[in-house]
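Here are a few notes to go with your first look at this one. Keep the viewer open and follow along point by point.

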Amino acid sequence: MQTLTAAVHVQTVESAHTSGVYPKRDLTIVRGQGAYLWDDQGRRYIDCAGGQGAANLGHSHPAIAEAISQQARTLISCPEIFYNDVRAAYLAELTAAAPGELNRVFLSNSGAEAIEAALKFARISTGRREIVAAMRGFHGRTMGALSATWNKKYRGPFMPLVPDFTHIPYNNIAALEAAVSDATAAVLLEPVQGEGGVRPADPAFLQSARDLCDASGALLILDEIQTGFGRTGTLFAVEQYDIQPDILALAKSIAGGLPMGATLLGPSVGELPRMSHGSTFGGNPLAAAAARAALRVMQEEQLPQRAAHLGALMKTRLSALKSPLIREVRGLGLMIGIELKIKVGPVLRALQERGVLALPAGATVLRLLPPLVITQEDMDHVIDVISEVLAQ
Ligand SMILES: *Cc1c(COP(=O)(O)O)cnc(C)c1O
């Protein structure tokens with residue numbers, strides 16, 4: 001293992017044995033703290049990739065580390081055929097924090113799984129098959145979640161997918177009206193499209209989705225896997241819209257960076273038949289302990305409020321940049337998209353050279369998902385670096 005500390009060797013070994021499905025950056029990350037990451041050369045980066053949305057609390061938060069290590073010494077696995085103290089406490093705390101009457105939860109291990117569960121529960125609860133999703137929507141890469149995902153690059157090679165999914169243009173109320181009928185099991189939407197380019201929903205669009213679901217007996221599923229857990233300035237983005245979902249899908253940051261997905265169910269979802277779904281790792285005490293700590297940190301450190309405050313400042317400063325290469329600045333809280341008039345790839349590389357890591361959201365959108373603990377000073381520095389890179 002000692003040779004693995006040699007910088008080049010890590011990348012050679014990983015390249016030789018990884019599946020190959022990921023485009024890799026020329027960077028080996030070995031450590032994180034708060035909003036910083038360090039590479040194997042000891043160089044520090046400001047992390048606006050934020051674990052692709054899994055690092056809202058910042059890296060290596062001491063409360064998460066402590067909860068994980070304590071629980072690891074107590075009990076790691078305990079399938080849901082048994083009751084468990086940590087899981088019970090987490091379920092009570094999560095449902096108390098969730099909006100409305102989302103009082104039952106199916107726990108899993110990823111975003112895609114949270115969506116798979118939502119789709120299955122919507123079908124079994126309504127006895128209907130059709131799912132209406134949105135163009136540019138992203139819901140994951142397993143076969144059901146992929147059927148709801150729009151991007152042809154993800155879907156194309158895997159046809160045929162699950163039947164009876166339709167995609168309507170996001171924020172288009174007339175198209176939604178035309179698509180929803182009494183054959184619709186569910187309408188599935190992100191409150192802010194993440195992968196699709198950081199596009200917030202119009203309040204009227206989500207309201208009409210709610211109304212159409214009510215009128216047709218369909219369920220409204222909100223995918224808050226990326227927008228949830230403080231990212232957009234409230235614990236859940238839906239709190240900024242005057243509606244309630246029937247099903248809420250969560251993952252990414254909810255367990256402080258450990259893998260966990262959660263599918264929350266409201267009263268309009270009927271009683272689920274025994275054995276109709278399941279997961280070996282779902283609700284394991286280790287992830288539940290991390291998730292309890294994550295929720296506590298989120299509330300104690302008032303991270304949603306922080307995201308609202310810093311996000312507003314950042315959007316104002318970015319909008320003031322007046323670079324001829326910026327088409328539009330969009331977002332909600334600390335979920336920020338900068339639509340460029342050029343390809344984002346070279347911009348990401350130039351940012352990385354200057355110590356800032358960020359994400360794309362499509363070919364021309366620069367996406368920033370910094371940990372919500374980022375300081376205003378570091379955020380200002382990120383904006384200066386973006387401005388510098390775009391000026392070149
Ligand atoms: C990341 C993401 C998913 C998929 O989550 P995985 O954990 O990668 O399976 C689904 N929906 C949205 C909105 C996401 O951002």
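**Notes on the ligand site, a strand and some rings**

1. Let's begin with the ligand. The residues around the ligand are Ser110, Gly111, Ala112, Phe138, His139, Gly140, Glu190, Asp223, Ile225, Gln226 and Lys252. Bear in mind as you look that this is a predicted model. Sorted by character, that shell comes out as 3 nonpolar, 5 polar and 3 charged residues.

2. Now for the polar atoms at this site. Gly111 has a backbone N or O atom 2.8 Å from an oxygen atom of the ligand. Gln226 brings in its side chain instead: a polar atom there lies 2.8 Å from an oxygen atom of the ligand. At Phe138, a polar backbone atom is 3.3 Å from a nitrogen atom of the ligand. As for cover, on its own the ligand has 380 Å² of accessible area, and the protein covers 82% of that.

3. Next, have a look at strand β5, residues 130-134. Is it enclosed or open? Of its 5 residues, 4 are buried, so the rest of the structure largely encloses the strand.

4. Which strands does β5 pair with? One is β6 (residues 165-168), which runs parallel to β5 and is joined to it by 4 bridges. Another is β7 (residues 184-189), also parallel to β5, with 3 bridges between them. Ile131 is a handy residue to click on here: its bridge partner in β6 is Phe165, and its bridge partner in β7 is Ala186.

5. On to the aromatic rings. The count of aromatic pairs comes to 4. One of them is Tyr36 with Trp38, an edge-to-face pair with 6.1 Å from centre to centre and 65 degrees between the planes. Trp38 has a relative accessible area of 15%, which is under the 20% cut-off, so Trp38 counts as buried.

6. Tyr170 and Phe205 make another pair that deserves a click. Their ring centres are 5.5 Å apart and their planes sit at 65 degrees; anything over 60 counts as edge-to-face, so this pair gets that label. Where do Tyr170 and Phe205 lie? Tyr170 is in the loop between β6 and α8 (173-179), while Phe205 belongs to helix α9 (residues 203-216), so the pair ties together parts that are 35 residues apart in sequence. Both Tyr170 and Phe205 are buried.

7. If you're short of time, two spots make a good tour. Start at Ile131 in the middle of the strand pairing, with partners Phe165 and Ala186. Then go to the ligand and pick out Gly111, Phe138 and Gln226.

Note on methods:
Residues are numbered from 1 along each chain as its sequence is written. This is a predicted model: local features need pLDDT of at least 70, side-chain atom pairs count only at pLDDT 80 or more; totals for chains, interfaces and linings use all residues. Side-chain values use heavy atoms; hydrogens and water are left out. Buried means under 20% relative accessible area, exposed over 50%, partly exposed in between (1.4 Å probe, protein chains only). Two strands pair if DSSP finds at least two bridges between them. A residue is near a molecule or strand if one of its heavy atoms lies within 4 Å of it. A polar contact is a pair of N or O atoms within 3.5 Å; within protein, one must be able to donate a hydrogen and the other to accept it, and residues adjacent in sequence count only if both atoms are side-chain atoms. Accessible areas come from the Shrake-Rupley method with a 1.4 Å probe; for residues, only the protein chains shown count as cover. Ala, Val, Leu, Ile, Met, Phe, Trp, Tyr, Cys and Pro count as nonpolar, Asp, Glu, Lys and Arg as charged, and the others, Gly among them, as polar. Rings of Phe, Tyr and Trp (its six-membered ring) pair if their centres lie within 6.5 Å; planes under 30 degrees apart count as stacked, over 60 as edge-to-face and the rest as tilted.
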